[in-house]
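Here is a quick tour for someone opening this structure for the first time. Let's start with the aromatic rings and then move on to the sheet.

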Amino acid sequence: PAPADAVKALSDKGALAIPLAQDNNLLRVDFNLLGDKVTDAELALLGPVCGHVTWLSLANTKVTDAGLSAVAGLPNLTRLHLDNTQIGDAGLVHIANLKNLEYLNLFNTPVTDAGLKQLAGLANLQKIFLWQSKVTPEGAKALEAAIPGLQVNMGIALVAAAPAPAVDLAKLFTKDSC
């Protein structure tokens, strides 16, 4: 099990730190509710539980590219939320070696195609969310090609519907039909 004092330190700071499931030593750690109160300094709290964290949310926080170096030390990380942060290409360097990473949310970040190239070695990555990032459709397709089976979500692409065919209402109704 994760050291109780380390889990308590995370909780005392306001993070959600709970077992992923009953009778499971893996942890879900969520800083999302603290929002902009979370900076790189709070990531030091992950050190004592580094082998236990499997889901981590840093969404809506003030964590920086440099601060993600703490995330690089989470060998069992499978889900990572970085949505609505200022994490950019330089930050992705720190997660490029997370071999167990399956899910990555980069919604509304300044990540570009160059940053995505750093993730091409993440063979277990199954889903990545890139809506409202700086990634182009070409960059997304290149990452899909590099990681077989990867689902890249670029957001909703609206397509104009074809106009409805003209209907002669006189042919549908007769004088006595109404």
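## What counts as an aromatic pair

Rings of Phe, Tyr and Trp (for Trp, the six-membered ring) pair if their centres lie within 6.5 Å; planes under 30 degrees apart make a stacked pair, over 60 an edge-to-face one, and anything else is tilted. Go by this rule and you end up with two aromatic pairs. Keep in mind that you're looking at a predicted model.

## The two ring pairs

Take Tyr 103 and Phe 129: their ring centres are 5.4 Å apart and the planes meet at 50°, which makes the pair tilted. Tyr 103 belongs to strand S5 (residues 103-105) and Phe 129 to strand S6 (residues 127-129), so this pair ties together parts that are 26 residues apart in sequence. Are the two residues buried or partly exposed? Tyr 103 is buried, at 12% relative accessible area, while Phe 129 is partly exposed at 24%.

Then there's Phe 107 with Trp 131, a tilted pair with 5.4 Å between centres and 40° between planes. Here the partners sit in loops: Phe 107 in the one between S5 and helix H3 (113-117), Trp 131 in the one between S6 and helix H4 (137-146), so the pair links parts 24 residues apart in sequence. Trp 131 is partly exposed, with 40% relative accessibility.

## An arginine over two rings

Which rings does Arg 79 lie over? One is Trp 55, whose face has Arg 79 over it at 4.9 Å from the ring centre. Another is Tyr 103, with Arg 79 over the face at 3.9 Å from the ring centre. Tyr 103 is also the ring that pairs with Phe 129.

## The sheet

Now for the strands. Seven of them make up an open sheet with mixed pairing, running S1-S2-S3-S4-S5-S6-S7 in order. S1 and strand S7 (151-153) are the edge strands, each with a single partner, so one side of each has no neighbour in the sheet. From one strand to the next, the twist averages 10°.

How do the strands pair up? S1 (residues 16-19) and S2 (residues 27-30) are antiparallel, over four bridges, and Ile 18 has Arg 28 in S2 as its bridge partner. S2 and S3 (residues 53-57) pair in the parallel sense, again over four bridges, with Val 29 opposite Leu 56 in S3. Over at the S7 edge, S6 and S7 are parallel over three bridges, and Lys 127 stands opposite Gln 151 in S7.

Key:
Residues numbered from 1 in each chain as written. Predicted model: local features only at pLDDT ≥ 70, side-chain atom pairs only at ≥ 80, totals over all residues. Heavy atoms only, no water. Helix = DSSP H or I, 4+ residues; strand = E, 2+ residues; numbered from the N terminus. Buried < 20%, exposed > 50% of the residue type's maximum accessible area, 1.4 Å probe, protein only. Lys NZ or Arg CZ within 6 Å of the ring centre and 35° of its normal. Pairing = 2+ DSSP bridges. Axes fitted to C-alpha atoms, helices over the stretch in contact; angles between N-to-C directions.
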